[in-house]
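Me: I'd like to learn how to read a few features off a model. Can you walk me through some?

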Amino acid sequence: MLRLGAACAVFDDDGRVLLSRRGDLDVWNLPGGRLDSGEKLADAAAREVREETGIVAHVERAVGLYYLRGWQRLNVLYAGWPLGGHLQTTDESRANAWFDLKQLPGDVIWEWLLFDAMADERPLPRVIETPPDELKRVQRQLRWRWVKNLLNGRPEPRF
């Protein structure tokens with residue numbers, strides 16, 4: 001079964017990008033996640049930004065397609081800018097911050113996605129390989145997150 005997800009590179013007027021420090025994996029990444037039933041991809045990208053960071057984002061354009069082999073997941077990356085909201089830590093994030101592209105934290109997942117979002121031309125679809133040991137480690141962490149959310153009264157849908 002193919003799963004669908006969306007992420008959004010949100011850039012402010014100073015050219016900084018919004019990153020979220022994941023609560024489950026403890027790394028910086030673009031806000032994003034899976035699609036809810038019946039949801040449009042661009043709407044999912046905007047919802048994920050709001051849920052993870054507190055920022056209300058305008059989703060301007062689709063950037064590219066990224067197939068995560070081993071996860072059976074296709075992510076669509078969008079680019080946009082902030083419309084409002086207030087930067088805050090949420091249930092899904094340890095921290096959220098705006099970063100200059102020349103001063104990114106050292107543990108950004110798939111840093112090159114940020115530069116795809118800045119490019120003048122749309123990149124070709126990409127396949128992202130996850131080494132088997134890393135895949136197992138991350139899957140364990142995500143299963144643990146699923147259990148914690150269930151016990152805290154915030155069950156995640158199973159797909």
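Reply: Sure, let's start with a strand: helices (H or I, at least four residues) and strands (E, at least two) are DSSP runs, numbered from the N terminus. Here, valine 56 sits in strand β5, residues 55–68. Two ground rules: this is a predicted model, where local features need pLDDT of at least 70, side-chain atom pairs count only at pLDDT 80 or more, and totals for chains, interfaces and linings use all residues. Residues are numbered from 1 along each chain as its sequence is written, and side-chain values use heavy atoms, with hydrogens and water left out.

Me: Is valine 56 buried, exposed or partly exposed, and why?

Reply: Buried means under 20% relative accessible area, exposed over 50%, partly exposed in between (1.4 Å probe, protein chains only). Valine 56 has 35% relative accessibility, so it counts as partly exposed.

Me: What about glycine 80: where does it lie?

Reply: Glycine 80 is in strand β6, residues 73–85. Its relative accessible area is 5%, so glycine 80 is buried.

Me: Which residues does glycine 80 touch?

Reply: Contact means heavy atoms within 4.5 Å. Not counting residues up to four places away in sequence, glycine 80 touches Cys8, Ala9, Val10, Phe11, His58, Val59 and Glu60. Glycine 80 and leucine 18 are 62 residues apart in sequence, yet 10 Å apart in space, C-alpha to C-alpha.

Me: And where is threonine 90, and is it buried or exposed?

Reply: Threonine 90 is in the loop between β6 and β7 (93–99). With a relative accessible area of 15%, threonine 90 is buried. Leaving out residues up to four places away in sequence, threonine 90 touches Glu51, Glu52, Thr53, Gly54 and Asn96.
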